[in-house]
Amino acid sequence: MNTNLLIIDDDEVLTSTLKRAMERRGLEVSTAMNGEEACLALKEKAFTYATLDLKLEQESGLAILTKLLEIQADLKVVVLTGYASIPTTVEAIKRGAQDYLCKPASGDDIYGALLGNNTEEVSIASKPLSVDRLEWEHIHRVMAENNGNISATARALGMHRRTLQRKLQKHPATH
């Protein structure tokens, strides 16, 4: 059985480390730095698995997840994030993610999630999210609902498009 993995993450160090760890476990690994690269890779060949960072530069991993599964419905996707929350976990699973892991996650945890072997529940920080983080999650959820369209997202949020763009620039991607 051909088992290959597409790692979608804009953190080059994490991508390189994860790639080596998964290759040691026998997977053929390709990488993509953003949603566009990931979609192109999926159109070129079918993958068994994918890992997807929830926050890629100005892209929402949730919107990318939807696009990936439109291209290949049987793709097993594990969402990785440095900011776990109940709403994003639920949304990722509703959109078709196989699992959702908090960074940093070990190679064994990620491999187990890809294979569907994880039995542990996602641990979510008990301290409340910051207002900035809640705003980021809300904006990106609405953006995902609007397929990444900035103008449609701004209308849905009741704000000017330029204001939304400033907010997106104010919160650069962090892992």
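**Exercise 1.** Which residues in α6 meet which residues in α8?

*Solution.* This is a predicted model, in which local features need pLDDT of at least 70 and side-chain atom pairs count only at pLDDT 80 or more, while totals for chains, interfaces and linings use all residues. Residues are numbered from 1 along each chain as its sequence is written, and side-chain values use heavy atoms, with hydrogens and water left out.

Step 1. Locate the elements: helices are DSSP runs of H or I with at least four residues, strands are runs of E with at least two, and both are numbered from the N terminus. Helix α6 covers residues 131–145 and helix α8 residues 161–170.

Step 2. Look for contact, meaning heavy atoms within 4.5 Å. On the α6 side stand D132, E135, I139, H140 and M143; on the α8 side stand L164, K167, L168 and K170.

Step 3. Sort these residues by class. Ala, Val, Leu, Ile, Met, Phe, Trp, Tyr, Cys and Pro count as nonpolar, Asp, Glu, Lys and Arg as charged, and the others, Gly among them, as polar. The contact of α6 with α8 then has four nonpolar, one polar and four charged residues.

**Exercise 2.** Describe how α8 is oriented to α6 and to α7.

*Solution.* Step 1. Axes are lines fitted to C-alpha atoms, for helices over the stretch in contact, and angles run from 0 to 180 degrees between N-to-C directions. Angles under 35 degrees count as roughly parallel, over 145 as roughly antiparallel, 65 to 115 as roughly perpendicular and the rest as oblique.

Step 2. The axes of α6 and α8 come within 11 Å and cross at roughly 125 degrees. The two helices are therefore oblique to each other.

Step 3. For helix α7 (residues 150–157) and α8, the axes come within 9 Å and the crossing is roughly 100 degrees. α7 and α8 are therefore roughly perpendicular to each other. I150, S151, T153, A154 and L157 of α7 make this contact with R161, L164, Q165 and L168 of α8.

**Exercise 3.** In what order do the five strands of the open sheet lie?

*Solution.* Step 1. Two strands pair if DSSP finds at least two bridges between them. β1 (residues 4–8) and β2 (residues 28–32) pair in the parallel sense over five bridges, with L5 opposite V29 in β2. β6 and β7 are also paired in the parallel sense, over four bridges; T81 has C102 in β7 as its bridge partner.

Step 2. The full order is β2-β1-β3-β6-β7, with parallel pairing. β2 and β7 (99–102) are the edge strands, each pairing on one side only. From one strand to the next, the twist averages 20 degrees.

Step 3. Add the helices on the sheet. Helix α3 (residues 61–71) lies across β1, β3 and β6, at about 160 degrees to β3.
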